[in-house]
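Here is a friendly walk through one protein model. Have a look at the sequence and the structure, and then we can go through them by topic.

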Amino acid sequence: MLEQAIIAVLITLFNLSPGMSQAATVESTNNNEGNRSNYKLLYFNARWRGEGARLIFAYAGVPYEDVRVTKEEWPKLKPTTPFGHLPVLKFGGHELGESFAINRYLARQFGLAGNGSLEEAYVDSIADFFKDFFEKTGESVKAIITGGGPIDPAYNEIVAPARDAFLPPLERFLKKANSGYVVGNSATWADLIITEYLATCQSAIPGFLSGYPSVESYVNRIRLLSNIKKWIDNRPQSDH
């Protein structure tokens, strides 16, 4: 009788059908894990707006198909995308557009959105603040990277002022968290996208982070995280 009572309690706790074996439970879990490999990320052979999702996948250790769309393929593919541009994330019959929507979705799926609703809100606020900075500076930074010549005059008019408006608040968040991350005690998607872009800027514009030693240390630290470093060391080459 005692044994039957224990079995009944276990069935209730774990929502198992009578007679369902441990092997069946493990198989079900493995099937769910396997579904993760059905993610397909479409973007060009560039980091830019697609690299955030790739970094999230890398950090989480989740398999996905990294589809690099060529210039020749793009005209035919463009009308089939949700908004006429990339990246697009395909999974389970869904097609999700817009890089920040993709990043947020994946971060929530893989535990990189923040610990609790308040942290999530802070992470979102910093990510949105970064998005403003990226939108202001991205084209000028890309011109510097691809130009291969003197720094674009727009650097002094656009990039440097935007940098000096973005980095001091970032420093304050890092100081407040006091953990090496921008919010809380663990990495979030905001850490991944911010440090990726700042590292790109630093590489293209020597001294870009001069005067911001805590930010430079933060960038280096995030990029040395095991799965992130492995991805950076092995990812396909691209200019930006």
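Is Glu98 buried, exposed or partly exposed? Glu98 is partly exposed, with a relative accessible area of 33%. Please keep in mind throughout that this is a predicted model. The protein has ten helices and four strands, and buried residues make up 41% of its 240 residues.

**Overall layout**

- Read along the sequence, the elements follow the pattern α-α-β-α-β-α-β-β-α-α-α-α-α-α.
- Of the contacts with a separation of 6 or more, 68% are between residues 24 or more positions apart.

**The largest nonpolar core**

- The largest nonpolar core holds 68 residues, and the members that touch the most others are Leu170, Ile194 and Leu198.
- Helix 8, which spans residues 189-204, gives the most to this core, with nine residues.
- Domain 1 (39-110) and domain 2 (117-234) both contribute residues, so the core lies between them.
- Ile194 is a good place to start looking: leaving aside residues up to four places away in sequence, Ile194 touches Ile126, Phe130, Phe166, Leu170 and Tyr218.

**Helix 3 against helix 8**

- The axes of helix 3 and helix 8 come within 9 Å and cross at roughly 125°.
- Helix 3 and helix 8 are therefore oblique to each other, because an angle of that kind is outside the ranges for parallel, antiparallel and perpendicular.
- Their crossing is right-handed.
- On the helix 3 side, the residues involved are Glu51, Gly52, Leu55, Ile56 and Tyr59, and they meet Trp189, Leu192, Ile193 and Glu196 in helix 8.

**Helix 7 against helix 9**

- Helix 7 (residues 154-177) packs on helix 9 (residues 213-223) at an angle of about 70°, and their axes are 9 Å apart.
- That angle makes helix 7 roughly perpendicular to helix 9.
- The crossing of helix 7 and helix 9 is left-handed.
- Here Leu167, Leu170, Glu171 and Leu174 in helix 7 meet Ser214, Val215 and Tyr218 in helix 9.
- Two of these names may look familiar: Leu170 and Tyr218 are also among the residues that Ile194 touches.

**Backbone details worth a look**

- As background, most residues other than glycine have a negative phi, and most peptide bonds are trans.
- Which residues does a cis peptide bond join? The bond is between Leu86 and Pro87, with omega at about 15°.
- Pro87 is found in the loop that runs between helix 4 (74-77) and strand 3 (88-91).
- Trp48 is not a glycine, yet its phi is positive, at about 25°.
- Trp48 is found in the loop between strand 1 (40-44) and helix 3 (51-60).
- Trp48 is buried, with a relative accessible area of 14%.
- Glu98, the residue we began with, also has a positive phi, of about 75°, although it is not a glycine.
- Glu98 is found in the loop between strand 4 (94-97) and helix 5 (99-110).

**Around Phe83**

- Where is Phe83 found? Phe83 is in the loop between helix 4 and strand 3, and Pro87 is found in that loop too.
- Phe83 is exposed, with a relative accessible area of 52%.
- Not counting residues up to four places away in sequence, Phe83 touches Gly97 and Glu98.
- Phe83 and Leu96 are 13 residues apart in sequence, and their C-alpha atoms are 9.6 Å apart in space.

**Around Glu120**

- Glu120 lies in helix 6, which covers residues 117-147.
- With a relative accessible area of 25%, Glu120 is partly exposed.
- Glu120 touches Arg108, Ala113 and Gly114, with residues up to four places away in sequence left out.
- Glu120 and Arg104 are 16 residues apart in sequence and 9.7 Å apart in space, C-alpha to C-alpha.

Key: Residues numbered from 1 in each chain as written. Predicted model: local features only at pLDDT ≥ 70, side-chain atom pairs only at ≥ 80, totals over all residues. Heavy atoms only, no water. Core = buried A, V, L, I, M, F, W, Y, C linked by side-chain atoms within 4.5 Å. Buried < 20%, exposed > 50% of the residue type's maximum accessible area, 1.4 Å probe, protein only. Helix = DSSP H or I, 4+ residues; strand = E, 2+ residues; numbered from the N terminus. Domains from an automatic or database assignment. Contact = heavy atoms within 4.5 Å. Axes fitted to C-alpha atoms, helices over the stretch in contact; angles between N-to-C directions. Parallel < 35°, antiparallel > 145°, perpendicular 65-115°, else oblique. Left-handed = near helix turned anticlockwise from the far one by under 90°.
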